[in-house]
Amino acid sequence: MRKMNLLFGALALCLGVLVGTLGVYLLTNPSSTGSFISKLRGQENVQPVTGTQIPLLNTAVDDPSDTNVAVYSANPDSILNQAEQQIVADYKQGIGIFFGAWKSADMNTFRLKLAKAYTGDLFERHARRAEEFLAQGVGLDVTKITFDQIDVESADANTATLRVDYRYKARDYSLADGTSFGEEHEQIVQVRVNLLKQNSRWMITGESSIQ
């Protein structure tokens, strides 16, 4: 009888360790259902990041230069004119606004922030996705954005299309206590972006992934 009790005790201990390990894995693994990072843009190109977290400056939402990259075209012989530079600068600032909005305490605040850079169906799509997570008290803490390539594929007085490659490092974010949690990961984004000029600002209206 004593041997049976010892056996059951050992099995219970092993089961407890297994459950505990699985729980930690689900909290820190970006592909788990508990992680917001993997759901923001799907499972594509999510990579763990090691080393010291690099904070994004508080002014990043308002100053595109804080995204740690110079504006340039992928074609080294192509020099952006002043109008194209403004398009790219507004787009970069828009991405900063997008990620900054994911720390909003409620949907009204999220929509007000996002409306500074997005409009149309894409604005509504982001708002619907945000509602799901913000209601659970989960946002996103982006610690660094790096633009690897920005091409102005076409532009006129009111519309523009960009081809963009960028990366960002992020962790899940608790809206309740304003702290990040889980493992930091890097996500690679490759998109074609449509913009529309409203008043003096270029607004992001469409985005499609490039495989």
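**Exercise 1. Two helices side by side**

At what angle do the axes of H3 and H4 cross, and within what distance do they come? Determine the relative direction of the two helices in this predicted model, and describe their contact.

*Solution.*
Step 1. The axes of H3 and H4 cross at roughly 175° and come within 9 Å.
Step 2. Angles over 145 degrees count as roughly antiparallel.
Step 3. H3 and H4 are therefore roughly antiparallel to each other.
Step 4. On the side of H3, the contact is formed by Ile97, Phe98, Gly100 and Ala101, and on the side of H4 by Phe110, Lys113 and Leu114.
Step 5. Sorted by character, the residues of this contact comprise five nonpolar, one polar and one charged.

**Exercise 2. The two sides of helix H4**

Identify the buried and the exposed residues of H4, and explain how the buried ones are arranged around the axis.

*Solution.*
Step 1. Helix H4 spans residues 107-114, and its buried residues are Met107, Phe110 and Leu114.
Step 2. These residues lie on the same side of H4, because they cover an arc of only 60° around the axis.
Step 3. Asn108 and Leu112 are exposed on the other side of H4.
Step 4. The packing partners of the buried residues of H4 are helix H3 (82-101) and helix H5 (120-134).
Step 5. The N-terminal end of H4 is capped by aspartate 106, which has a side-chain oxygen 3.2 Å from the backbone nitrogen of asparagine 108.

**Exercise 3. Buried, partly exposed or exposed?**

Classify glycine 120, histidine 185, serine 174 and threonine 146 by their relative accessible area, and locate each in the chain.

*Solution.*
Step 1. The cut-offs needed are these: buried means under 20% relative accessible area, exposed means over 50%, and partly exposed lies in between.
Step 2. Glycine 120 belongs to helix H5. Its relative accessible area is 41%, so glycine 120 is partly exposed.
Step 3. Histidine 185 belongs to strand S4, residues 179-198. With a relative accessible area of 3%, histidine 185 is buried.
Step 4. Serine 174 belongs to strand S3, residues 159-174. Its value is 14%, so serine 174 is buried.
Step 5. Threonine 146 belongs to strand S2, residues 138-155. Its relative accessibility is 15%, and threonine 146 therefore counts as buried.

**Exercise 4. Surroundings of the classified residues**

For each residue of Exercise 3, state one spatial relation to another part of the chain.

*Solution.*
Step 1. Between the C-alpha atoms of glycine 120 and methionine 203 the separation is 9.4 Å, while the two residues are 83 residues apart along the chain.
Step 2. A polar atom of the side chain of histidine 185 lies 3.0 Å from the backbone oxygen of glutamate 183.
Step 3. Serine 174 is in contact with Gly137, Thr179 and Phe181, when its neighbours within four places in sequence are left aside.
Step 4. Threonine 146 and tyrosine 168 are 22 residues apart in sequence, and their C-alpha atoms are 6.2 Å apart in space.

**Exercise 5. The chain as a whole**

How many helices and strands are there in the chain, and in what order do the elements run from the N terminus on?

*Solution.*
Step 1. The chain contains five helices and five strands.
Step 2. Read from the N terminus on, the order is α-α-β-α-α-α-β-β-β-β.
Step 3. Of the 211 residues in the chain, 41% are buried.
Step 4. Among contacts between residues at least 6 apart in sequence, 63% join residues at least 24 apart.

Notes:
Residues numbered from 1 in each chain as written. Predicted model: local features only at pLDDT ≥ 70, side-chain atom pairs only at ≥ 80, totals over all residues. Heavy atoms only, no water. Buried < 20%, exposed > 50% of the residue type's maximum accessible area, 1.4 Å probe, protein only. Helix = DSSP H or I, 4+ residues; strand = E, 2+ residues; numbered from the N terminus. Arc of directions from axis to C-beta. Contact = heavy atoms within 4.5 Å. Polar contact = N/O pair within 3.5 Å; in protein donor to acceptor, adjacent residues only side chain to side chain. Axes fitted to C-alpha atoms, helices over the stretch in contact; angles between N-to-C directions. Parallel < 35°, antiparallel > 145°, perpendicular 65-115°, else oblique. Nonpolar A, V, L, I, M, F, W, Y, C, P; charged D, E, K, R; others polar.
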